[in-house]
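Trainee: I should like to learn how the features of a structural model are read. May we go through one together?

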Amino acid sequence: GGADDNGSAIAAVLETARVARSHTFERTIRFIAFDLEEFGSIGSTRYIQAGLAHDVVSAIVLDCVGYASTADNSQDDLLAIQLPDKGDFLLVAANEDSAEMAQRMVALGNSYGLAKLVGVIAPGDGAFFLSTAFMRSDNGLLWYSGIPSLLLSDTANFRNPNYHEPTDTPGSLDPAFLARNTRALTAAVALFAKVLP
């Protein structure tokens, strides 16, 4: 229970839900906060096993989305995957089934200046040694189930020194970074759910 992990994602989801409720969409949108993700994705596993995901055509999963740093060398690479040197971007991770979603979200966010987004696409279903860092959240189970899904993350412990520490407090987050990421999330939800005029 920290501010970045996972309070930042909950805040982004709640704000996106608040904005979305004022609009009409072609597709149904479900805002879900799965529990026990770090204990084997128990919440999302039960959701899928209960047959509740049978009609899901795409999903966006948020992990930590509120910590940023513009300092040089503030971003570690993910295993052998080289990332920008400064930790001032939101990672949009996809597998091959969700590659088009990632490309569309990154283009939308960067073209309209909503947020600084960096996309990474794992090969196949994502179950590849060098992409295991992208499988640490509920999107991994969705990928295994063939559901196109994106993982949005500030890269957690690959950037944030407060990850899983008592210092993961609201004061350690970057409110402007979180707000930009929330705008990008809201725009992506509108895009994928097909907002109606």
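Mentor: We shall discuss helix crossings, then aromatic rings, then the backbone. Please bear in mind that this is a predicted model.

Trainee: At what angle do the axes of helix α1 and helix α5 cross?

Mentor: A crossing is read from the approach of the two axes and the angle between them. Here helix α1, residues 7–20, and helix α5, residues 175–193, have axes that come within 9 Å and cross at roughly 50°. The two helices are therefore oblique to each other, and α1 passes α5 in a right-handed crossing.

Trainee: Which residues make the contact of α1 and α5?

Mentor: On the α1 side they are Ser8, Ala12, Val13, Glu15, Thr16 and Val19, and on the α5 side Leu178, Thr182, Leu185, Thr186 and Val189. By class, the residues of this contact comprise six nonpolar, four polar and one charged.

Trainee: How do α3 and α5 cross, and is the crossing left-handed or right-handed?

Mentor: The axes of helix α3, residues 99–111, and α5 come within 10 Å and cross at roughly 130°. An angle from 115 to 145 degrees counts as oblique, so α3 is oblique to α5. The crossing of α3 and α5 is right-handed. From α3, Met101, Arg104, Met105 and Leu108 take part; they meet Ala184, Leu185, Ala187, Ala188, Leu191 and Phe192 of α5. This contact divides into nine nonpolar residues, no polar ones and one charged.

Trainee: How many aromatic pairs are there?

Mentor: In general, a pair of aromatic rings is described by the distance of the centres and the angle of the planes. With centres required to lie within 6.5 Å, the count here is zero aromatic pairs.

Trainee: What sits over the ring of phenylalanine 89?

Mentor: The charged end of arginine 159 does, at 4.7 Å from the centre of the ring.

Trainee: Which peptide bond is cis, and which residue has a positive phi although it is not a glycine?

Mentor: As a general guide, most residues other than glycine have a negative phi, and most peptide bonds are trans. In this model, the bond from aspartate 5 to asparagine 6 is cis, with omega near 15°; asparagine 6 belongs to the segment before α1. Threonine 155 has a positive phi of about 80° and lies in the loop between β4, residues 149–153, and α5.

How values were computed:
Residues numbered from 1 in each chain as written. Predicted model: local features only at pLDDT ≥ 70, side-chain atom pairs only at ≥ 80, totals over all residues. Heavy atoms only, no water. Axes fitted to C-alpha atoms, helices over the stretch in contact; angles between N-to-C directions. Helix = DSSP H or I, 4+ residues; strand = E, 2+ residues; numbered from the N terminus. Parallel < 35°, antiparallel > 145°, perpendicular 65-115°, else oblique. Left-handed = near helix turned anticlockwise from the far one by under 90°. Contact = heavy atoms within 4.5 Å. Nonpolar A, V, L, I, M, F, W, Y, C, P; charged D, E, K, R; others polar. Phe/Tyr/Trp six-rings, centres within 6.5 Å; stacked < 30°, edge-to-face > 60°. Lys NZ or Arg CZ within 6 Å of the ring centre and 35° of its normal.
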